[in-house]
Each structure stands twice: as C-alpha cells, then as structure tokens.
Amino acid sequence: MSRPTTRVLTVLELLQTHGRMSGAELARRLEVDRRTVRRYIAMLEELGIPITAERGRDGSYMLVAGFKLPPMMFTEDEALALSVGLLAARGLGLAEAAPAVASAQAKLERVMPASVKRRVRAVDETVTLDLSRSTAPGDNAALVALSAASQAQRRVRLHYRAAEHEETERDFDPYGLAWRGGRWYAVGICHLRNGLRSFRLDRVQSVQPLDVSFTRPEGFDALEHLTLSVATLPRAFAIEVLLKTDLETARRGVFPSFGVLEQVAEGVLLRGQSDDLGWFARELARLPFAFEIKQPDALREDLASCARRLLQQARG
C-alpha cells in the first residue's frame, strides 16, 4: 500500500478514535502540512465518507454523526499478523479454540478485500506450527480473570488443585502469565506460602477478585522467572559443568531450562538439576564447545557410556 493511501486511512482511523481533531493536530500526527491534510480529507469525501469541517484558523474535522464506518481495513502486513496469530491460537491451550478461531476468521474475511483474503487463506492452509504438546484448561475463565487482575494489579483468591489432587485456597497477587512447555502458568506472590510461586491454569478451579491492590516489581518477566524456577527445581542430582566458552555462546548452545549460567574466570559455569543423568549426558554431548564436568562423578560415567555407544554406531 502506498504511503499517501496509508496516511489517508490513518486520518480516517484518527477521526474514528478521537471524534474531533483540528487540522493542526492531524498535520502534526501525520508529519505533513495543513494543505496536505485538506487534500486527504477531500480524498476521503471522494470515497463516500462524510466529514464535517469547522472553518477558521483552529477549525476541526469530524465524521458526520451516525455515519457507520467500514468495520476494518487491513494492510497486507496486518493481515499476515492476524493470520499467524489465529493459527497459533489453535494450539496455545485455549479452551474451545478451534470454533472461536473459525468464527473470528470468518468475520475478518467478510470485511477483507479479495486480495488480502487470499493471503489470509494461504497462511491458514499452508503454514503449520508445532504446538502438539498443548494442554487446554477446561475453559478460558482462569486466563481471562487472571490476566485482568494482573493488568489492574488486584489480588485474587485462587482455588487450586495440586498434582496430588489436594485442593487449597490462597490469596494470590498475579504478576503475569506465561505459556511454556504446552501449558499456561500464572506467576506471582502466593500469600499461603509467602513467596513467589507459579500455578498451572489447567489446575485452577476458580478465581475470585478481591478489593486489594498490589505493586508488581518493575520489569518483572513471568516467562523468565518460570524458566529459571524449572531449571533450579531440586531433583535427584545437582550438576555443575564448566563450559569452555563465553557467556553469549553458551546461551545460544544451552536451552534455558537446562540450568543457570554464570560467567567465571575459566569460562561459564553451568548449574543444573536432573533426575536422569543419561539424558543430561546426551545433551552435553551435542554442545559445540568443550566442557569439564565438576560434579557428580556419575555424570562422567554416563557421558563415557554415551560416547562408547556413538563409537559403536559409527563403526557400524
């Protein structure tokens, strides 16, 4: 779409959003002069969009009262973003996602130009996202309630069913929500345990808003906290490995839940936890840089076993 056409549509969007805007303000927003704004207004009128103009130095423009604007207009990039977003929504663990996506897409297609509609359908019919491990909650109520409470920074009462089927109630300050490993999580302060905790949304039984506010730490990243908590969760074996590389290269080679990385004089120290040393050894074997196992000794044995198996396969 050409730049002048985009600006004409921007004038329409601004008038729809603000109701009344002066020529000077429109010119400032569009970074053009007032004469150009008048030309854009004339172009909109030629398209059949009735606009009222108040004359004078500080005159304003507004849409005629009661005029119903076209529901939506999309650029090709906006249509692509919508297409991929709808495609992803099917696999993001949302209850009843498929019919909701189909309904939303049908509504969008009704107001799209034919060329944009073809691009949307092309993405839907040819692009595949690997979100096969998704676990959907029974409904979307917890996601809606917790995201609203997080935005408003309001406390909630959470009725939660743990993995052992134990049901508890707790007051909870939802700092944020994150999607990880096929599931939705809420992260925040649990007042039952007096600490930062994460809760799976498919185990949330109910969410009750409370008339209590909280202050979220500035810059808090729910996904970063969730990833770190998984990496440091106590397991059968505590592991330390010295990676003979720099921190940036280590971050590219090690996925976040593998462990915590720390720059040291000799390289990068990886601290992790695992119940399966064989799996950990295989993950170490794929790294493109040298490393030294600090602990446990059993990890060295599993790595040696992995190496012998690979040598046997290489020899046929």
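## A tour from helix α4 to the loops

Begin by selecting V84, which you will find in helix α4, the run of residues 76-89. Keep in mind throughout the tour that this is a predicted model. With a relative accessible area of 36%, V84 is partly exposed, because that value falls between the 20% under which a residue counts as buried and the 50% over which one counts as exposed.

Next, add L80, V127 and L129 to your selection, and you will have the four members of a nonpolar surface patch that also includes V84. Taken together, L80, V84, V127 and L129 offer about 290 Å² of accessible area.

Now turn from the surface to the empty space inside. Rolling a probe the size of a water molecule over the atoms is a way to show where such space is left. How many cavities of 30 Å³ or more does a search of the whole structure find? The search finds one, and the volume of the largest cavity is about 30 Å³.

To see what surrounds the largest cavity, select S83, L86, L87, Q105, V120 and D124, which are the residues that line it. Two elements, α4 and α6 (114-126), each give two or more residues to this lining, and the largest share, three residues, is contributed by α4, the helix in which V84 also has its place. If you colour the lining of the largest cavity by class, you should find three nonpolar residues, two polar ones and one charged one.

From here, move to the backbone and select E31, in the loop between α2 (23-30) and α3 (34-46). The phi angle of E31 is near 60°, a positive value in a residue other than glycine. Is E31 buried or exposed? Its relative accessible area is 68%, so E31 counts as exposed, the cut-off for that class being over 50%.

Then go on to Q153, which sits in the loop that runs between α7 (141-152) and β4 (154-161). Here too phi is positive in a residue other than glycine, with a value near 55° for Q153. The relative accessibility of Q153 is 24%, and it therefore counts as partly exposed.

For the last stop, select Q295 together with P296, and look at the peptide bond that joins them, which is cis, with omega at about 0°. P296 itself is placed in the loop between β12 (291-295) and α11 (297-314).

Key:
Residues numbered from 1 in each chain as written. Predicted model: local features only at pLDDT ≥ 70, side-chain atom pairs only at ≥ 80, totals over all residues. Heavy atoms only, no water. Patch = residues over 30% accessible without salt bridge, like charges linked within 9 Å, V, L, I, M, F, W, Y side chains within 5 Å. Areas by Shrake-Rupley, 256 points an atom, 1.4 Å probe, with all protein chains shown as cover. Salt bridge = Lys/Arg side-chain N within 4 Å of Asp/Glu carboxyl O. Helix = DSSP H or I, 4+ residues; strand = E, 2+ residues; numbered from the N terminus. Buried < 20%, exposed > 50% of the residue type's maximum accessible area, 1.4 Å probe, protein only. 1 Å grid on protein atoms, 1.4 Å probe; cavity = no way out; pocket = protein on both sides within 12 Å on 5 of 7 lines; lining within 4 Å. Points joined across faces, edges and corners; volume = space filled by probe spheres on them. Nonpolar A, V, L, I, M, F, W, Y, C, P; charged D, E, K, R; others polar.
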